[in-house]
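Subject: Structure handover and findings

Hello,

Here is the structure for you to look over. My notes follow below it.

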2 protein chains.
Amino acid sequence: MADPVLTIHHLRLSQSERVIWLCEELGLPYTLKAYDRDPETSAAPASYKALHPTGTAPVITDGDIVLGETNAIVEYILAKANQRGGDDNNVNDLALPPNHPNYAPYLFWLHHANGSLQPALNGLLFSHMQRQIDSGAASSTTVTNPNADIPSVSTINQARLNLALSAMETQLSQSSYLAGAQFTAADCMALFPLTTFRLFLP
Amino acid sequence: MADPVLTIHHLRLSQSERVIWLCEELGLPYTLKAYDRDPETSAAPASYKALHPTGTAPVITDGDIVLGETNAIVEYILAKANQRGGDDNNVNDLALPPNHPNYAPYLFWLHHANGSLQPALNGLLFSHMQRQIDSGAASSTTVTNPNADIPSVSTINQARLNLALSAMETQLSQSSYLAGAQFTAADCMALFPLTTFRLFLP
């Protein structure tokens with residue numbers, strides 16, 4: 001087999017299903033490794049969280065490469081399919097090239113799902129969780145919980161933020177820029193949440 | 001001038017600053033059109049919201065093309081810089097190519113900012129807004145607000161969701177797939193929030 005085997009680490013009931021679908025459409029060979037959520041808490045198992053510093057789904061491995069973030073994975077797989085292409089007409093017609101008349105709408109819709117649609121849904125989910133926590137706290141747990149004035153949804157987001165910042169800290173202790181020795185667009189993307197956004201959040 | 005003029009519609013105090021920075025680094029010519037937020041509400045002006053169906057910042061225009069979503073814009077600009085390149089060594093060394101040893105980390109960090117870091121910050125901001133709304137409601141507005149049991153942060157997210165769904169609906173009334181006549185990775189990205197995510201949200 002010429003290609004290193006791509007492994008999709010699929011957390012059931014998560015957006016990693018997108019990655020499987022994409023590979024199927026591209027005819028790109030992969031190994032599927034599925035993980036079940038905890039039936040009580042819906043949390044990912046420890047073995048899944050250990051795959052990648054972010055602990056989120058999806059994750060793929062490709063030889064020594066361990067990659068997280070859906071959009072990064074999707075673009076990685078499209079590029080990989082492109083490199084395999086040429087003699088296979090089925091490969092990589094899922095990404096429109098820059099000279100295609102629909103290139104701009106393609107990019108918009110590629111990123112709109114996780115840039116706008118999914119964040120709105122997550123916001124609604126978190127509001128729902130918060131209401132459940134609040135109604136529970138009102139009946140029994142207020143006194144026993146010393147952090148009752150700090151909503152648990154904030155705690156979740158604070159933990160996610162700490163994880164993201166610590167991953168960035170680790171990376172920048174190893175290289176001058178996020179993607180290595182070279183300044184890239186990734187650095188341009190990272191600055192806003194660290195600087196200007198502070199003006200919105202006390 | 002050979003290139004059509006790229007216009008960056010810059011909402012002050014927003015992530016559109018990323019797009020300006022990127023163009024500066026790439027040496028890509030652009031026209032800057034800046035918009036101020038409402039001093040009372042921090043909302044974008046109506047002229048900004050009218051630029052693009054999503055009403056969010058940033059937005060760029062390039063001839064007839066009107067493009068939203070930061071990640072889409074960043075990739076559009078990187079591709080545009082690449083097309084201008086060749087005789088200009090300063091151009092497009094901000095995107096690592098698929099054969100670069102750091103390609104996977106580059107993609108990860110390119111998408112981690114808006115995929116994980118910024119959502120955590122937004123979640124914290126929304127929790128903060130909710131606490132402010134709740135404390136206000138407790139003191140005076142509970143009785144006069146008929147929707148007091150529906151938190152306003154949910155209302156914001158519901159409006160964003162409606163906007164995203166309606167944009168998708170409009171697009172799919174005009175073409176078979178999101179990016180036009182051809183099935184692309186954009187369609188793979190869009191399905192999860194419309195299907196599996198329902199299992200999390202009542």
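How many disulfides does a search of the whole structure find? It finds 0 over all chains, a disulfide being a pair of cysteine sulfur atoms within 2.5 Å.

First, the ground rules. This is a predicted model, where local features need pLDDT of at least 70, side-chain atom pairs count only at pLDDT 80 or more, and totals for chains, interfaces and linings use all residues. Residues are numbered from 1 along each chain as its sequence is written, chains are lettered from A and ligands numbered from 1 in the order in which they are written, and side-chain values use heavy atoms, with hydrogens and water left out.

Cysteines

Take Cys23(A). The closest cysteine sulfur is in Cys188(B), and it lies 9.5 Å from that of Cys23(A), too far for a bond. Cys23(A) also counts as buried, at 1% relative accessibility. Buried means under 20% relative accessible area, exposed over 50%, and partly exposed in between, with a 1.4 Å probe and protein chains only.

Now Cys23(B). Its sulfur is 9.5 Å from the closest cysteine sulfur, in Cys188(A), which is too far for a bond. Cys23(B) is buried as well, with a relative accessible area of 0%.

The sheet of chain A

Helices (H or I, at least four residues) and strands (E, at least two) are DSSP runs, numbered from the N terminus. Two strands pair if DSSP finds at least two bridges between them.

Chain A has an open sheet of 4 strands with mixed pairing, in the order S2-S1-S3-S4. Strand S2 (30-35) and strand S4 (65-68) of chain A are the edges, each pairing on one side only. From one strand to the next, the twist averages 20°. Axes here are lines fitted to C-alpha atoms, for helices over the stretch in contact, and angles run from 0 to 180 degrees between N-to-C directions.

Helix H1 (residues 16-26) of chain A packs on this sheet and touches S1, S2 and S3 of chain A. The direction of H1 makes about 145° with that of S1(A). Contact means heavy atoms within 4.5 Å.

Strand S1 (residues 6-11) and strand S3 (residues 59-62) of chain A are antiparallel, with 4 bridges. One bridge pair there is Ile8(A) and Ile60(A). Helix H3 (residues 70-84) of chain A lies across S1, S3 and S4 of chain A, at about 130° to S4(A).

The sheet of chain B

Chain B has an open sheet of 4 strands in the order S2-S1-S3-S4, and the pairing is mixed. Its edge strands are strand S2 (30-35) and S4 of chain B, each with pairing on one side only. The twist averages 20° from one strand to the next. Helix H1 (residues 16-26) of chain B packs on the sheet, in touch with S1, S2 and S3 of chain B, and its direction makes about 145° with that of S1(B).

Strand S1 (residues 6-11) of chain B runs antiparallel to S3(B), and 4 bridges join them. Ile8(B) stands opposite Ile60(B). S3(B) also pairs antiparallel with strand S4 (residues 65-68) of chain B, over 4 bridges. The bridge partners include Thr61(B) with Val66(B) and Asp62(B) with Ile65(B). S3(B) and S4(B) make a hairpin with 2 residues between them. Gly63(B), in the turn, has a positive phi of about 60°.

Which way do the residues of strand S3 (residues 59-62) of chain B point? Val59(B) and Thr61(B) point one way, Ile60(B) and Asp62(B) the other way, and all are buried.

Helix H3 of chain B

H3(B) lies across S1, S3 and S4 of chain B and runs at about 130° to S4(B). Of its 15 residues, 12 are buried, including Asn71(B), Val74(B) and Glu75(B). The 15 residues of helix H3 (residues 70-84) should span 21 Å at 1.5 Å a residue (the rise times one less than the number of residues). The end C-alpha atoms are 21 Å apart, which agrees.

Core and chain contacts

The largest nonpolar core has 100 residues, and Ile77(A), Tyr106(A), Ile77(B) and Tyr106(B) touch the most other members. Such a core is a set of buried Ala, Val, Leu, Ile, Met, Phe, Trp, Tyr and Cys residues joined through side-chain atoms within 4.5 Å. Leaving aside neighbours within four places in sequence, Ile77(A) has contacts that include Cys23(A), Leu26(A) and Ile60(A).

Leu110(B) sits in helix H4 (residues 103-141) of chain B. Leu110(B) is buried, at a relative accessible area of 3%. Beyond four places in sequence, Leu110(B) is in contact with Ala185(A), Ala186(A), Met189(A), Asn71(B), Val74(B) and Glu75(B).

Best regards
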